[in-house]
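Reader: I am new to this structure and would like to know how its descriptions are justified. Please set each term against its cut-off.

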Amino acid sequence: GEGNMSITKSYHDLCKEIDILYTRIKDLENEFHMWQRKMGGVGKKPIAPLDIALNRMKEICDLVETYVTILDEKEKTRKKIEQHMSEFEGVEYKVAYLRDVKGMTLPEVAAELNYSYDWIKRLSARTSRKRGA
């Protein structure tokens, strides 16, 4: 089961990448609005040269479009991994899945899988150690 525990790590890395992309897109959208404001409005003088503002706004639109495309692909990958992880055979993988992907506590996992808390705790320790290896 060595390989399967590295799936959990790559899953968490993927989730981080998705978070970073969301943050980057938000940041670019904020910058876009800042340039919009600098261009002035009705009766307001622009505080940035229009050609510079428009060029940067176009760059931002292109970047956001690229990031959204990447994000869509990563979201699809995440769903696929979650699907596969939920199909893992064996209680160890179910424990790892419920703990790491669903974010459940060990008592919740024990109740969900109808095992004693002590047994789930032992399995959880085993899957954690494998992951760290």
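Reader: What makes helix 3 mostly covered?

Author: In this predicted model, helix 3 spans residues 91-101, and 9 of its 11 residues are buried. Buried means under 20% relative accessible area. The residues that meet this cut-off are Glu92, Tyr93, Val95, Ala96, Tyr97, Leu98, Arg99, Asp100 and Val101. Just after the helix, Gly103 has a positive phi of about 70°.

Reader: Why does Ser124 count as buried?

Author: Ser124 has a relative accessibility of 5%. Buried means under 20%, so Ser124 counts as buried.

Reader: Where does Ser124 lie, and what makes its link to Arg99 a polar contact?

Author: Ser124 lies in helix 5. Its side chain and that of Arg99 are 2.7 Å apart at this contact, and the cut-off for a polar contact is 3.5 Å. Leaving out residues up to four places away in sequence, Ser124 touches Val95, Arg99 and Leu106.

Reader: Which residues touch the most other members of the largest nonpolar core?

Author: The core has 27 residues, and those with the most contacts to other members are Trp35, Ile60, Val95, Val109, Leu113 and Ile120. Helices 1, 2, 3, 4 and 5 each supply at least two residues of this core. Helix 1 gives the largest share, 9 residues.

Reader: Which residues does Trp35 touch, not counting those up to four places away in sequence?

Author: With that exclusion, Trp35 touches Ala48, Ile52, Ala53, Arg56, Met57 and Ile60. Contact here means heavy atoms within 4.5 Å.

Notes. Residues numbered from 1 in each chain as written. Predicted model: local features only at pLDDT ≥ 70, side-chain atom pairs only at ≥ 80, totals over all residues. Heavy atoms only, no water. Buried < 20%, exposed > 50% of the residue type's maximum accessible area, 1.4 Å probe, protein only. Helix = DSSP H or I, 4+ residues; strand = E, 2+ residues; numbered from the N terminus. Core = buried A, V, L, I, M, F, W, Y, C linked by side-chain atoms within 4.5 Å. Polar contact = N/O pair within 3.5 Å; in protein donor to acceptor, adjacent residues only side chain to side chain.
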